[in-house]
Amino acid sequence: MVLADDSALLREGLARLLADEGHEVVAGVGDGEAMIEAVAAHRPDAVVADEGLRAALAVRRRQPDVGVLVLSQYSEKRYAVELPTRDDAAVGYLLKDRVAHVDDFLDALARVAAGGAAFDPEVVRQLPSRTTLPHGPETGYSRRVLAILRYLGS
C-alpha cells in the first residue's frame, strides 16, 4: 500500500491501522508528486489517496493495475467520473466523514485492491444522471459513468 495524505496524523494513523490488519504499507507521502514516485518505485496493490486527486488520475493512467481508493473530505464530480478507466477498474471514492466504521473502510480497500470498486453513495448521487450523458456509446465520458453504475450493481 501507498498512503498519500497531507495530514501526517491521518497518514500515520492509517498506516498503523493497515499494519495491524496485516497490510504492508510501503510508503506514506504528503503530496501527489511523491505519491506518483512512490507508486512507480514500489508497484503496490493499492493507493489510498487524499492528497493529489490529479495525481490519483495520473496513477490510473500510468499504472492501471494499481488500485486507487480516494479518501477525501469532498466529493469532486470530475474526479469521480474520470477515475474509472476500464471495465474492471480497481477504483474507489469514499468521503472521510461518511466512513462510519473502520471495517467499512477496510472492506472497500480490499475490494479496490482485488480489482473491484467502492463508491460512497453520496459521490454516486452527485454524478450526472444517465439522461444528461452525451448521446452514443462511443464517448469516453459516458463509458466512465456507465462503468461506475455497473460497479454499483455488482
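**Exercise 1. In what sense do β5 and strand β6 pair, and over how many bridges?**

Solution. The model is predicted: local features need a pLDDT of at least 70, side-chain atom pairs count only at pLDDT 80 or more, and totals for chains, interfaces and linings use all residues. Residues are numbered from 1 along each chain as its sequence is written, and side-chain values use heavy atoms, with hydrogens and water left out.

Step 1. Locate the elements. Helices (H or I, at least four residues) and strands (E, at least two) are DSSP runs, numbered from the N terminus. Strand β5 covers residues 91-95, and strand β6 covers residues 117-119.

Step 2. Apply the pairing rule: two strands pair if DSSP finds at least two bridges between them. β5 and β6 have 3 bridges, in the parallel sense. Val 91 has Ala 117 in β6 as its bridge partner.

Step 3. Look for another partner of β5. Strand β4 (residues 67-72) pairs with β5 in the parallel sense over 5 bridges. Here Leu 69 stands opposite Gly 92.

**Exercise 2. Determine which residues of β5 are buried on each side.**

Solution. Step 1. Take the cut-offs: buried means under 20% relative accessible area, exposed over 50%, and partly exposed in between (1.4 Å probe, protein chains only).

Step 2. Split the strand by face. In a regular strand the side chains alternate between the two faces of the sheet. Val 91, Tyr 93 and Leu 95 are on one side of β5, while Gly 92 and Leu 94 are on the other.

Step 3. Read the burial. Both faces are covered, and 5 of the 5 residues in β5 are buried.

**Exercise 3. Explain what the salt bridge of Lys 96 and Asp 5 ties together.**

Solution. Step 1. Check the distance. A salt bridge is a side-chain nitrogen of Lys or Arg within 4 Å of a carboxyl oxygen of Asp or Glu. The closest N and O atoms of Lys 96 and Asp 5 are 3.2 Å apart.

Step 2. Place the residues. Lys 96 lies in the loop between β5 and α5, and Asp 5 in the loop between β1 (2-4) and α1 (8-20), so the pair ties together parts that are 91 residues apart in sequence.

Step 3. Compare accessibility. Lys 96 is partly exposed at 22%, whereas Asp 5 is buried at 5%.

**Exercise 4. Do the same for Arg 98 and Asp 120.**

Solution. Step 1. The closest N and O atoms of this salt bridge are 2.9 Å apart.

Step 2. Arg 98 lies in the loop between β5 and α5 and Asp 120 in the loop between β6 and α6 (121-125), so parts 22 residues apart in sequence are tied together.

Step 3. Arg 98 is partly exposed at 42%, and Asp 120 is buried at 6%. Salt bridges that share partners also join Asp 5, Asp 50 and Lys 96 into one network.

**Exercise 5. Which element gives the largest share of the largest nonpolar core?**

Solution. Step 1. Define the core: a set of buried Ala, Val, Leu, Ile, Met, Phe, Trp, Tyr and Cys residues joined through side-chain atoms within 4.5 Å.

Step 2. The largest core has 26 residues, and those with the most contacts inside it include Val 59 and Tyr 93. Its largest share, 5 residues, comes from α3.

**Exercise 6. Which element has the lowest mean pLDDT?**

Solution. Step 1. pLDDT is the predictor's confidence in each residue, from 0 to 100. The protein chain averages 80.

Step 2. Helix α4 (residues 77-82) has the lowest mean, 58, and strand β2 (residues 27-29) the highest, 95. Where pLDDT is low, the predicted coordinates should not be read in detail.
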